[in-house]
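Here is a short report on a predicted model. It covers selected residues, two helices, the core and the pockets.

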Amino acid sequence: MDIEKKNKWMRWGVVVLWMAVIFFFSAQDATDSSAMSGGIVDQLMAMGEGLCQSLFGSAFAFPRDALTFLVRKAAHTSVYFVLAMLVWRCWEKAADLKNLKTLAICFLYAASDELHQWFVPGRSAELRDVCIDTFGAALGLLALAAGRRIFNKE
């Protein structure tokens, strides 16, 4: 096998590995998933409390439910941001419709992931999450385009 084919298989292998990471997090039941995001929210609340106390001498007043929502949706956005970058890298340099194919793969994986969550105890399938995941993938593609433009590649 020549080096270019080997590299292509390795890039797709990294994509599959990242999809497995997403699948792992989606397979967590509601209790485990809430505990994970709750721990992050606790840390952010503590940091916000300390910062507000230091700067303003007052308590941190951001609603916990809103912060939990933002943390969970930021997780959706960021994992699909990375997925789009990894998938994009798999196509040939001048592949036709490279961005559209990448976005389609990310959208289809997001939809299948939400369907998977439907069968996980305490979890649900949300069209809103598919949209947020696809938005994260689109942001990843925009970041790639901006980076390539800045560094004059391709």
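## The loop between α1 and α2

Gln-28 sits in the loop that joins α1 and α2. Is Gln-28 buried or exposed? Its relative accessibility is 13%, so Gln-28 counts as buried, the cut-off being under 20%.

Beyond its neighbours within four places in sequence, Gln-28 is in contact with Ser-33, Met-36, Val-120 and Arg-123. Two of these names return with the largest pocket: Ser-33 and Arg-123 are among the residues nearest its centre.

## Helix α1

α1 runs from 3 to 26. Its 24 residues should span 34 Å at 1.5 Å a residue. The end C-alpha atoms of α1 are 35 Å apart, which agrees.

Which residues of α1 are buried? They are Arg-11, Val-15, Met-19, Ile-22 and Ser-26. The cover over these buried residues includes α3 and α4.

## Helix α3

α3 covers 64 to 90. It has 27 residues. From first C-alpha to last, α3 reaches 40 Å, close to the 39 Å expected at 1.5 Å a residue.

The buried residues of α3 are Leu-67, Val-71, Lys-73, His-76, Thr-77, Tyr-80, Leu-83, Ala-84, Val-87, Trp-88 and Cys-90. Lys-73 and His-76 are on that list, as are Tyr-80 and Leu-83. What do the buried residues of α3 pack against? Their partners are α1, α2, α4 and α5.

## The nonpolar core

The largest nonpolar core holds 17 residues. Val-15, Tyr-80, Leu-83, Cys-106 and Tyr-109 have the most contacts inside it. At least two residues of this core come from each of α1, α3, α4 and α5. Which helix gives the largest share of this core? α3 does, with 6 residues.

Tyr-109 shows how the parts meet. Setting aside residues up to four places away in sequence, Tyr-109 touches Met-19, Ala-20, Ile-22, Phe-23, Tyr-80 and Leu-83. Met-19 and Ile-22 are buried residues of α1. Tyr-80 and Leu-83 are buried residues of α3.

## Thr-102 in α4

Thr-102 belongs to helix α4. Its relative accessible area is 0%, so Thr-102 is buried. What does Thr-102 touch, not counting residues up to four places away in sequence? The list is Ala-84, Val-87, Trp-88, Trp-91 and Leu-141. Ala-84, Val-87 and Trp-88 are buried residues of α3.

## The loop between α3 and α4

Glu-92 lies in the loop that links α3 to α4. At 44% relative accessibility, Glu-92 counts as partly exposed. Residues up to four places away in sequence aside, Glu-92 touches Lys-8 and Lys-98.

How far is Glu-92 from Tyr-109? The two are 17 residues apart along the chain, and their C-alpha atoms are separated by 21 Å.

## The largest pocket

The largest pocket encloses about 540 Å³ of space. Its lining has 27 residues. Ser-33, Arg-72, Ala-75, His-76 and Arg-123 lie nearest its centre. The elements that give two or more residues to this lining are α1, α2 (30-56), α3, α4 (98-118) and α5 (127-150).

α3 gives the largest share of the lining, 7 residues. By class, the lining has 9 nonpolar, 9 polar and 9 charged residues. His-76, one of the residues nearest the centre, is also a buried residue of α3.

## The second largest pocket

The second largest pocket holds about 180 Å³ of space. It is lined by 10 residues. Arg-89, Trp-91, Glu-92, Lys-93 and Lys-98 lie nearest its centre. Glu-92 and Lys-98, both on that list, touch each other. Trp-91 is also one of the contacts of Thr-102.

α1 and α3 each supply at least two residues of this lining. How many residues of each class line the second largest pocket? There are 2 nonpolar, no polar and 8 charged residues.

## After α5

Asn-152 is placed in the segment that follows α5. Its relative accessibility is 72%, so Asn-152 counts as exposed. Asn-152 and Ala-75 are 77 residues apart along the chain, and 30 Å separates their C-alpha atoms. Ala-75 is among the residues nearest the centre of the largest pocket.

Notes: Residues are numbered from 1 along each chain as its sequence is written. This is a predicted model: local features need pLDDT of at least 70, side-chain atom pairs count only at pLDDT 80 or more; totals for chains, interfaces and linings use all residues. Side-chain values use heavy atoms; hydrogens and water are left out. On a 1 Å grid over the protein atoms alone, a cavity is a set of points where a 1.4 Å probe fits but cannot get out, and a pocket is an open set with protein on both sides within 12 Å along at least five of seven lines; lining residues have an atom within 4 Å of a point. Grid points are joined across faces, edges and corners, and a volume is the space filled by probe spheres set on the points. Helices (H or I, at least four residues) and strands (E, at least two) are DSSP runs, numbered from the N terminus. Ala, Val, Leu, Ile, Met, Phe, Trp, Tyr, Cys and Pro count as nonpolar, Asp, Glu, Lys and Arg as charged, and the others, Gly among them, as polar. Buried means under 20% relative accessible area, exposed over 50%, partly exposed in between (1.4 Å probe, protein chains only). Contact means heavy atoms within 4.5 Å. The expected span of a helix is 1.5 Å times one less than its number of residues. A nonpolar core is a set of buried Ala, Val, Leu, Ile, Met, Phe, Trp, Tyr and Cys residues joined through side-chain atoms within 4.5 Å.
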